[in-house]
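Me: I have a model here that I'd like to go through with you, starting from one small part. Could you take a close look at it and then work outwards?

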Amino acid sequence: MACNCKLLCAYLLLARAAAASGAIGNISVYWGQNSNEGSLAETCGAGRYAFVVIAFLSTFGNGQTPVLNFAGHCNPAAGGCAGLGKDIASCQSRGVKVLLSIGGGAGTYGLSSASDAQSLANYLWDNFLGGDSGSRPLGDAVLNGIDLDIENGDDSSHYVDLARNLTSLYKGDKRGRTYLLTAAPQCPYPDASLGPALGTGLLDHVWVQFYNNPVCEYTSQSNLGASWTTWTQSLPSASVFLGLPASPNAAASGYIDPQALVSRVLPVVNGSANYGGIMLWNRYYEVQTGYSAKLLRMADADPPNGSPIPAGSGNPTPNDSPVSPNTGPWQNKRIRLYIIMGTTSGLLGVCVILVAAFLWYKKYYGMIPWQRGSRNAPRLESFVQKQGSSHPKRYTYSEVRRMTKSFSHRLGQGGYGTVFRGNLPDGREIAVKMLKDTEGDGEEFMNEVASISRTSHVNIVTLVGFCLQGSK
């Protein structure tokens, strides 16, 4: 058997790059609890975070006046936090979503009634989101959403009311903006305070705190794995993030060394359809350890050990025993590919591995490099641009997969294909129609575009973009 190793090695490099960026997913970080962590603008300027959660609104409910606590960054009592508005705008200009977290581990808060929940929702909407208030604590900034970090053991069902009230206000935004609702529950399932609210299906992202709880964190064989499976299966409509401390000093337990995380944990957790990424507590410890930077560098390199999560502490030794790949929650772990450079007698094996990587890349990204210039693509793209004045954007297949969470929410079946629910990077909700594999001259594709572009009705969606990539 002969193979073009140069060509196939190029495909493998492409596949590895895609796998490295996709293995970690998005990174979320909490900011606002230490004045030595740098400014909010500097945090977003690091270029590693998709979400920055500013913490906390630590006093609310039970008739109390809501109070912000951002450590030494600003004095909210004197209106000194209005200056954060510029930093928030800077973050958002970089595509970073900025959310306000309510609660925390040391706050004085609680909801005593449905009316209490409604009042808090109105306060959050008017002062931090799209509502109107005469004195907005963060200046003119319009945040991207609200995060619930309820850790005081309050099992009040009124956080359900809060989630529903906020969602209702979100939908009523007069400017058509979209907002996020997120939560940071403890890893023992279900969370005592947020379990009912999470059960509503209204949460967009859930960063589960896999620390300070040995029963479900990375301290003994398959604890984290069993808990992770429960969370991801119980929240099919939300993106679930792996919440971790950015330093051993950030939490009493649950720290995972970046090398162990990349080589042993991520290969398993990111196999879940609704895996969203990593949440780090917090920015101050991030500055000290450079945790996310190490994580990204390691994800770009071959891991030294492809075994799944081992027993033992967060810093495994070579003698740690890996969890059996045929038992427990790790039985569906992803297969990792390795190139073994050897003598001529090993060339056949190398080619087989390269071909497998090539097929994997084509399966997940819908194309092979030479298909980028497919003979019908220019004609089809020209056809799309001529259908109206909106100039729809062209997306890659991997972008469409991310926007639809790997096509996890099916809306229905239409002519030529299936329709899925998704969200653009800016949060706008979209419907994505995946055509059956197009062949020939792309007639099905042009028919679909034409039918959408020529129809104008209040109940008909407008065309905002398209994907032309190989057979996808």
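Are Cys74 and Cys81 buried or exposed? Please start there, then tell me about the other disulfides and what surrounds them.

Reply: Happy to, and please keep in mind that this is a predicted model. Cys74 and Cys81 are both buried. They form a disulfide with the sulfur atoms 2.0 Å apart. The torsion about its S-S bond is about 85°, so this link is right-handed.

That bond belongs to a set of three disulfides in the structure. Another of them joins Cys44 to Cys91, with 2.0 Å from S to S. The link of Cys44 and Cys91 is right-handed too, with 90° about the S-S bond. Because Cys44 sits in helix α2 and Cys91 in helix α3, the pair ties together parts that are 47 residues apart in sequence. Both Cys44 and Cys91 are buried.

Cys187 and Cys216 also form a disulfide, their sulfur atoms 1.9 Å apart. Here the torsion about the S-S bond is about 70°, so this disulfide is right-handed. Cys187 lies in the loop between β7 (180-183) and α6 (195-198), while Cys216 lies in the loop between β8 and α7, so the pair ties together parts that are 29 residues apart in sequence. Cys187 counts as buried at 1% relative accessibility, and Cys216 does so at 4%.

Let's return to helix α3, the home of Cys91. Its residues run from 84 to 93, and the buried ones are Leu84, Gly85, Asp87, Ile88 and Cys91. Looking down the axis of α3, you find these buried residues within an arc of 160°, so they line one face of the helix. Lys86 and Ser93 are exposed on the other side of α3. The cover over the buried residues of α3 includes β1, α2 (40-45) and β4 (97-104). Just after the helix, Gly95 takes a positive phi of about 90°.

Next comes β4, one of the elements covering that buried face. Eight of its eight residues are buried, so β4 is largely enclosed by the rest of the structure. It pairs with β2 in the parallel sense over six bridges, and Leu99 of β4 is the bridge partner of Val53. Six bridges also join β4 to β6 (residues 145-150), again running parallel; there, Leu100 stands opposite Ile146.

Strands β1 and β2 bring us to the aromatic rings. A search of the whole structure finds 19 aromatic pairs. In one of them, the rings of Tyr30 and Phe56 have their centres 6.3 Å apart and their planes at 40°, so the pair is tilted. Tyr30 lies in β1 (residues 26-31) and Phe56 in β2 (residues 51-60), so this contact between rings ties together parts that are 26 residues apart in sequence. Both Tyr30 and Phe56 are buried. Ring pairs also bring in Trp281, linking Tyr30, Phe56 and Trp281 into a cluster.

Now for the chain as a whole. It has 14 helices and 15 strands, and 47% of its 472 residues are buried. Among contacts with a separation of 6 or more, 70% are between residues 24 or more positions apart. The accessible surface of the chain is about 22100 Å², with 51% of it belonging to carbon and sulfur atoms.

Terms used
Residues are numbered from 1 along each chain as its sequence is written. This is a predicted model: local features need pLDDT of at least 70, side-chain atom pairs count only at pLDDT 80 or more; totals for chains, interfaces and linings use all residues. Side-chain values use heavy atoms; hydrogens and water are left out. Rings of Phe, Tyr and Trp (its six-membered ring) pair if their centres lie within 6.5 Å; planes under 30 degrees apart count as stacked, over 60 as edge-to-face and the rest as tilted. Helices (H or I, at least four residues) and strands (E, at least two) are DSSP runs, numbered from the N terminus. Buried means under 20% relative accessible area, exposed over 50%, partly exposed in between (1.4 Å probe, protein chains only). Contact means heavy atoms within 4.5 Å. Accessible areas come from the Shrake-Rupley method with a 1.4 Å probe; for residues, only the protein chains shown count as cover. The arc is that of the directions from the helix axis to the C-beta atoms. Two strands pair if DSSP finds at least two bridges between them. A disulfide is a pair of cysteine sulfur atoms within 2.5 Å.
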